[in-house]
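Here's a quick tour of one chain, taken a few contacts at a time. Have the coordinates open and follow along.

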Amino acid sequence: MINESEFITRLKNPLTKEAAYRELLQLYKERLYWHIRKIVINHDDADDALQNTFIKVYRSIDKFKGESQLFSWLYRIATNEAITLINKNAKRLQISNEEHQTRAINNLRADVYFEGDDIQLKLQKAIVTLPEKQQLVFNMRYFDDLKYKDMAEILDTSEGALKASYHIAAKKIEAFLTSD
């Protein structure tokens, strides 16, 4: 396990920044990719948002104050980059974010990087029907198994609100999955 404060010091030091940044990539790129992928759905979009995330981290590491865990800060940036990409793509296509997400789900079966079956596809369709915050909370809790404390730090909200959002999201997904 790495000592986070020493690691952050290495990330901020011009002499050790490059090596520490490569280590950061190795530690977090896969985890952040899958977090982003659950939000944007499409592999290429996930790659773009991940790249933007790490560029932003590289450029702004000196602004990281250590008031949260490093991983929470990374997740917040990744979440924001994913949402920004969805908004940008929806605006470019002149459709709503919800319509953009529905299109992405409908194209998921053709995505060579999607290895899911019909049940997983139906679960993804159910998740897309949720409001954005409930999607985030459900994905972070169900798939990433994040603690409410960590999610509260990432999403800058209370644990109680997150628990309520997750409970409501789970009930909506259950209703969606059993309604067919």
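A residue counts as buried under 20% relative accessible area and exposed over 50%, with partly exposed in between. By that yardstick Glu23, at 28%, is partly exposed. Keep in mind that this is a predicted model. Confidence across the protein chain averages a pLDDT of 91, and 97% of the residues score at least 70. Among the elements, helix α3 (residues 43–60) has the highest mean pLDDT at 96, while α5 has the lowest at 80.

**Charged pairs**

Side chains of opposite charge can pair when their charged atoms come close. How many salt bridges does the count come to? The count is 4, and three of the pairs go like this:

| Pair | Closest N to O |
|---|---|
| Arg10 and Glu23 | 2.5 Å |
| Lys38 and Asp144 | 2.8 Å |
| Glu99 and Arg103 | 3.7 Å |

Take the salt bridge between Arg10 and Glu23. Arg10 sits in helix α1 (residues 4–12) and Glu23 in helix α2 (residues 17–40), so the pair links distant parts of the chain, 13 residues apart. Arg10 has 32% relative accessibility, which makes this residue partly exposed.

Next up is Lys38, which pairs with Asp144. Here the link spans 106 residues, from Lys38 in helix α2 to Asp144 in the loop between α7 (132–143) and α8 (148–155). Are these two buried or exposed? Both Lys38 and Asp144 are buried.

Glu99 and Arg103 form a local pair of sorts: they lie 4 residues apart in helix α5 (residues 97–106), about one helical turn. An α-helix has 3.6 residues a turn, so residues three or four places apart point the same way. Glu99 comes out partly exposed at 37%, and Arg103 is partly exposed too, at 39%.

**Where α7 meets α9**

Two packed helices are described by the angle between their axes and the distance between the axes. For α7 and helix α9 (residues 159–178), the axes come within 9 Å and cross at roughly 90°. That makes α7 roughly perpendicular to α9. On the α7 side, the contact uses Lys133, Gln134, Val137, Phe138, Arg141 and Tyr142. Their partners in α9 are Leu162, Ser165, Tyr166, Ile168, Ala169, Ala170, Lys172 and Ile173. What is the make-up of the contact of α7 with α9? Its residues divide into 9 nonpolar, 2 polar and 3 charged.

**Around α8**

Now for α8, whose buried residues are Tyr148, Asp150, Met151, Ala152 and Ile154. What covers these buried residues? The cover includes α4 (70–93), α7 and α9. After α8 comes Asp156, which has a positive phi, near 55°.

**A buried loop residue**

Finally, have a look at Leu108, in the loop between α5 and α6 (118–128). With a relative accessible area of 4%, Leu108 is buried. Which residues does Leu108 touch, leaving aside those up to four places away in sequence? They are Arg37, Ile41, Phe114, Leu121 and Gln124. For one of them, Ile41, the C-alpha atom is 7.5 Å from that of Leu108, although 67 residues separate the two along the chain.

Note on methods. Residues numbered from 1 in each chain as written. Heavy atoms only, no water. Salt bridge = Lys/Arg side-chain N within 4 Å of Asp/Glu carboxyl O. Helix = DSSP H or I, 4+ residues; strand = E, 2+ residues; numbered from the N terminus. Buried < 20%, exposed > 50% of the residue type's maximum accessible area, 1.4 Å probe, protein only. pLDDT = per-residue confidence, 0-100. Axes fitted to C-alpha atoms, helices over the stretch in contact; angles between N-to-C directions. Parallel < 35°, antiparallel > 145°, perpendicular 65-115°, else oblique. Contact = heavy atoms within 4.5 Å. Nonpolar A, V, L, I, M, F, W, Y, C, P; charged D, E, K, R; others polar.
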